[in-house]
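Dear colleague,

I am handing over the structure below, and my notes on it follow directly after. Please read them with the coordinates open beside you.

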Amino acid sequence: MECRKRCGDSSEGCPSPKKFAKGSGTAEVEADLLVVLGHSRDDMEKASGGLGLALIAADQGKKVEIHLLFDGVVMAVEKEAEAMLPGGAHPSPLSEKLDALAAKGVSVTVCTTCLKHRDLLERPLRAGCTRVTAVDFLASLDRAKRSVQLL
């Protein structure tokens, strides 16, 4: 029943009921920087720029979290980011930045409602990505020292 209250699905149809449990998916540690990305294939420049900022902050030793919502959730779906190649001076697939962030221990959370809206809820996510609810996202936003929002 908890799953139905949180994302509209019954726990019987939930792809991973434990991931949707209250308070799951987000770290209880305060992030120095929360990067909120609402773009991927619809605006790869913003997506790449947001991931780049997260990488720089992580390289500076900051505790970084990324939250993907709207079209940004598409890059979290397994095998989708490999095809997303932004233009510009340093083009590389978004998957390379996501892999580098995962290697640095950066938490990437993904809006469950946004996945559901795009019929992606049943698809597996990339390693290091976790489905969360709006309640979890707001809790992360409340805990973060600073946030950058590219929506």
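How close do the axes of helix α2 and helix α3 come, and at what angle do they cross? Before the reply, please bear in mind that this is a predicted model. The axes of α2 (residues 44-59) and α3 (residues 94-103) come within 10 Å of each other, and they cross at roughly 20°. Because angles under 35 degrees count as roughly parallel, the two helices α2 and α3 are therefore described as roughly parallel to each other. As for its hand, the crossing of α2 and α3 is left-handed.

I then turned to the strands, beginning with β3. Strand β3 (residues 107-111) is joined by 4 bridges to strand β2 (residues 64-68), and the two run parallel; it also pairs with strand β4 (residues 129-132), again in the parallel sense and over 4 bridges. At the level of single residues, T109 of β3 is the bridge partner of H67, and T109 also stands opposite T130 in β4, while V108 has C129 in β4 as its bridge partner. Between the two strands lies a further element to consider, since β3, helix α4 (residues 112-117) and β4 together make a right-handed β-α-β unit.

The surroundings of β3 are consistent along its length, in that 5 of its 5 residues are buried, so that the strand is mostly covered. In a regular strand the side chains alternate between the two faces of the sheet. Here S107, T109 and C111 point one way from β3, whereas V108 and V110 point the other way, and all of them are buried.

Finally, there is helix α5 (residues 134-143), whose buried residues are D136, F137, S140 and R143. Seen down the axis of α5, these buried residues fall within an arc of 125°, and so they line one face of the helix. An α-helix has 3.6 residues a turn, so residues three or four places apart point the same way. On the other side of α5, by contrast, A134, V135 and D142 are exposed.

With best regards

How values were computed
Residues are numbered from 1 along each chain as its sequence is written. This is a predicted model: local features need pLDDT of at least 70, side-chain atom pairs count only at pLDDT 80 or more; totals for chains, interfaces and linings use all residues. Side-chain values use heavy atoms; hydrogens and water are left out. Two strands pair if DSSP finds at least two bridges between them. A crossover is right-handed if, with the strands pointing away from the viewer, the path from the first strand over the helix to the second runs clockwise. Buried means under 20% relative accessible area, exposed over 50%, partly exposed in between (1.4 Å probe, protein chains only). The arc is that of the directions from the helix axis to the C-beta atoms. Axes are lines fitted to C-alpha atoms, for helices over the stretch in contact, and angles run from 0 to 180 degrees between N-to-C directions. Angles under 35 degrees count as roughly parallel, over 145 as roughly antiparallel, 65 to 115 as roughly perpendicular and the rest as oblique. A crossing is left-handed if the near helix is turned anticlockwise from the far one by less than a right angle, and right-handed if clockwise.
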